[in-house]
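This report concerns aromatic rings and the charges placed over them. The structure is shown first, and the findings follow under short headings.

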Amino acid sequence: MNPLGFLKDELAELKEQGLYRELKVLESGQTPRSVIDGKEVINLSSNNYLGLATHPKLIEATIKATEQYGAGSGAVRTIIGTMSLHQELEQRLAEFKHTEAVLVFQSGFTANTATIPAIVGKGDVIISDSLNHASIIDGCRLSRAEIKAYDHADMNHLEQRLKEAKDQGSGKILVITDGVFSMDGDIAPLPDIVELSQKYGAISYVDDAHSSGVLGANGRGSVDHFGLHGQVDIQIGTLSKALGVLGGYVASSKDLIDWLVHRGRPFLFSTSHPPGVTAALIAALDILLTEPELIDTLWDNTRYFKGKLEALGFDTGKSDTPITPVIIGEGSKAMKFSDELFNAGVFAQGIAYPTVAKDKARVRTIVTATHSKADLDEAIAAFEKVGKDLLVI
């Protein structure tokens, strides 16, 4: 008897529902027109917002650091894996984010699963937006704190949850939200969240995975976007989206960073970034500071593409950012829409339950600073054809 035999039935059910997907294989750089599964297509599913993944300055920095320091760091940070490059990156990030200190992690996911359990535990309460990212959800579960979700971006419900936590005599209270929500592209009402957190003595925590390099001056994120420097207790960000490379970071007080060095389990037990990755990230920060026009172009392309989709009658939800969902509804139909777009020369990944609600399946698009208007016009033409063929518009 095969103890894993039940998986065949589970996979068969996914196939029957039209939700089973083969992994797409990228055979080129992460560029506006990419070769995927042997076919050149317009790539609308990359998190490479500013095109930095293939930027010549990042490539040059990667090669130079690899030649000087080697391919890998060789150890965890707490033994002998902290290199001068890591310290330089963290110092530069702290200056960029206007915080006392920064600690870099191997991914945004590990930044959340390290930080949340390190600051709250049994007897504490976490109040979390209902649409927060999976890494936040997993970090909350690992903490063993009581988790109370509030309805998405509903400040009345958030205050109700805060009152409940206070009334029950909880220990620490942590309010946690994404800065930009990864499936819908809307921006969290951070000023109201901060005000309520301060009113009830809660710790405020924002995950800027899709805000870093996108929102705020030079891409400093949602805290800068709303002018809230010094008022948000903990900021999380990724280094693998707009910054174009790999990793995550925590920006906060020196005390929190010191605590995570001693109690952040993914930090303690994972090998540090390779030298080439670290040097490329330093180069990416330089570009954010010296080439802010990339961010301007990203937003110009976003407005152009979103406007064209909406003019055709597509439902783009409540998106305020380059993340633009095209909501189809039923899961198998969204996957069919994605497949037909690919056949027409556009890659836009279908997203269905359980990632989103069963009646909110969509294809999720992200334009970048490096898409041309010709790229976007060609993509729009494909959306129009497939939308009409499948009776979506």
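## Burial of a phenylalanine pair

F342 and F347 are both buried, where buried denotes a relative accessible area under 20%, exposed over 50% and partly exposed in between (1.4 Å probe, protein chains only). The model is predicted: local features need pLDDT of at least 70, side-chain atom pairs count only at pLDDT 80 or more, and totals for chains, interfaces and linings use all residues. Residues are numbered from 1 along each chain as its sequence is written, and side-chain values use heavy atoms, with hydrogens and water left out.

## Aromatic pairs

Searching the whole structure yields six aromatic pairs; rings of Phe, Tyr and Trp (its six-membered ring) pair if their centres lie within 6.5 Å, and planes under 30 degrees apart count as stacked, over 60 as edge-to-face and the rest as tilted. One of them joins F305 and F383 edge-to-face, at 6.1 Å centre to centre with 80° between the planes. Because F305 belongs to helix 13 (residues 293-312) and F383 to helix 15 (residues 373-389), this pair ties together parts 78 residues apart in sequence; helices are DSSP runs (H or I, at least four residues) numbered from the N terminus.

F305 is buried at 1% relative accessible area, and F383 is buried at 0%. F342 and F347 also form an edge-to-face pair, at 6.3 Å centre to centre and 85° between the planes.

## Cluster and charges over rings

One aromatic cluster consists of F305, F314, F337 and F383.

The charged end of K24 sits over the ring of F342, 3.9 Å from its centre; this requires NZ of Lys or CZ of Arg within 6 Å of the ring centre and within 35 degrees of the ring normal. Likewise, the charged end of K358 sits over the ring of Y353, 4.8 Å from its centre.

Definitions and conventions
Helices (H or I, at least four residues) and strands (E, at least two) are DSSP runs, numbered from the N terminus.
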